[in-house]
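Student: I'd like a close look at one part of this structure, taken slowly. Could you pick out a single strand pairing and build the picture outward from there?

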Amino acid sequence: FMPCEQNLTQLIHEITQCRACPRLVAWREKVGEDKRRAFLDQTYWAKPVPGFGDPNAKILVVGLAPGAHGSNRTGRMFTGDASGEFLFAALHRAGFANQPQSQRIDDGLALNQMFITAVCRCVPPDNKPLPAEITNCLRFLRCERDLLPSIEGVVALGKIAFDVVKKEILDTKSEESLIPFAQGVFIDRTEKRPWILGSYHPSRQNTQTGRLTVEMFDSIWLRARGMITN
C-alpha cells in the first residue's frame, strides 16, 4: 500500500472524479436522472461521495455505500435519508455532532472527534457492491486513514464494513481476524493499530424491524466515547 501523497482536500477531489467501476458509474447517474418523486426539483450529486468530518478525528466511522436518494442526492455521507436520520440523532446525543439531523450538505452539520466514510463511494444496485468494486475503492479508505493521524478507533456499520476494516487493520494471521461480526463486537487496540467496534447498519430495514433499536445504537456511541482520550 502506497502512502498518501495528497492532503484531504486533494483526496476529496480525486474521489469525486473517480470512474473506475463502469457498473457503478452507470447506476449512480441513472438514479440521478430517474429521481424519486419527492426530489424532482433537486439536482442529484450522482458522483462518488467522499468522507467528511473532523480532520483531528479520533474515531473513524465506516459505512457500506451511499444511499440512492440520500448521499447520492446530497453529496455527503449519510445525509438526506432514513439511515442518516437515525445515525445523526444518535451522534448528537453522544456529543459527536452539533445537531441531530442532516438534510443537506450546507445545513451546518459539524462533527466533533469523528470522521464518517464508507467502503464504497458510489451507490450500488440493491445496496450490493461487487467484491471487485470494493477492492477498487479501498485505496480511498486507506488514504483517509493515512491522512487522519489522530484516529484511535473505528466503528464499522454492518458486516461488510466490519469485514473490510478487520482485513485492513488486523494481521490476517491473528486469531482476532477470525472474530465474526455481531452487534457490539469489539477488538481492542494495540500500540500499532486502533480498536474496532461493530454495529448493525442503521438502515431502515434494521431500525424499523427492531433489529437495531435506539438504545442498542446509543450504547455503541457511548462506548466509543468512553474509549477515546480527551
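Tutor: Let's start with one pair of residues: Val-62 stands opposite Ala-156 in β4. Keep in mind that this is a predicted model, so everything here is read off computed coordinates.

Val-62 belongs to a strand, β2, that covers residues 59-63. Strand β2 pairs with β4 in the parallel sense, and 4 bridges hold that pairing. Another of the matched positions is Leu-60, whose bridge partner in β4 is Val-154. As background, strands of a sheet pair through backbone hydrogen bonds, and they can do this parallel or antiparallel.

Now look at how β2 sits. Of its 5 residues, 5 are buried, and the strand is mostly covered. Take the faces one by one: Ile-59, Val-61 and Gly-63 are on one side, Leu-60 and Val-62 are on the other, and they are all buried. That split follows a general pattern, since side chains in a regular strand alternate between the two faces of the sheet.

β4 gives a matching view from across the pairing. This strand runs over residues 153-157, and because 5 of its 5 residues are buried, it is largely enclosed by the rest of the structure. Both of its faces are covered too, with Gly-153, Val-155 and Leu-157 on one side and Val-154 and Ala-156 on the other. So Ala-156, the residue facing Val-62, sits on the side of β4 that also carries Val-154.

Each of these strands has a further neighbour. β2 also pairs with β3, again in the parallel sense, over 5 bridges. Along that pairing, Val-61 stands opposite Ile-116 in β3. β4, for its part, is joined by 5 bridges to β6 (residues 195-199), and those two run parallel. There, Val-155 stands opposite Leu-197 in β6.

Follow Leu-197 and you get further out. Phe-186 also stands opposite Leu-197 in β6. The strands β5 and β6 are joined by 2 bridges, and this time they run antiparallel.

Put together, that's an open sheet of 6 strands in the order β1-β3-β2-β4-β6-β5, with mixed pairing. The edges are β1 (52-53) and β5 (186-187), each of which pairs on one side only.

What lies across the sheet? Helix α4 (residues 82-93) lies across β1, β3 and β4, and it runs at about 165° to β3. Just ahead of that helix, in the loop between α3 (71-74) and α4, you'll find Phe-78. Phe-78 has a phi near 60°, which is positive even though the residue isn't glycine. Most residues other than glycine have a negative phi. Phe-78 counts as buried, because its relative accessibility is 8%.

There's a second residue of this kind to check on your screen. Asn-127, in the loop between β3 and α5, also has a positive phi near 60°. Its surroundings read differently, though: Asn-127 is partly exposed, with a relative accessible area of 47%.

That loop leads into helix α5 (residues 131-147), whose axis comes within 12 Å of the axis of α6 (residues 159-169), the two crossing at roughly 65°. The crossing is right-handed. On the α5 side, the residues that meet α6 are Ile-134, Leu-138, Leu-141, Arg-142 and Arg-145, and on the α6 side they are Ile-160, Val-164, Glu-168 and Ile-169. By type, the contact divides into 6 nonpolar, no polar and 3 charged residues.

One more residue of α5 deserves a click: Glu-144. This glutamate is buried, with a relative accessible area of 2%. Leaving out residues up to four places away in sequence, Glu-144 touches Leu-11, Ile-15, Pro-50, Gly-51, Phe-115, Thr-117 and Arg-121.

Zooming out, the chain holds 8 helices and 6 strands. Of its 230 residues, 53% count as buried. A compact globule with 230 residues would have a radius of gyration near 17 Å, and the chain agrees, with 17 Å. Its C-alpha trace spans about 50 × 40 × 30 Å along the principal axes. Finally, among contacts between residues at least 6 apart in sequence, 68% join residues at least 24 apart.

Notes. Residues numbered from 1 in each chain as written. Predicted model: local features only at pLDDT ≥ 70, side-chain atom pairs only at ≥ 80, totals over all residues. Heavy atoms only, no water. Axes fitted to C-alpha atoms, helices over the stretch in contact; angles between N-to-C directions. Left-handed = near helix turned anticlockwise from the far one by under 90°. Contact = heavy atoms within 4.5 Å. Nonpolar A, V, L, I, M, F, W, Y, C, P; charged D, E, K, R; others polar. Buried < 20%, exposed > 50% of the residue type's maximum accessible area, 1.4 Å probe, protein only. Pairing = 2+ DSSP bridges. Rg over C-alpha atoms; globule rule 2.2 N^0.38 Å.
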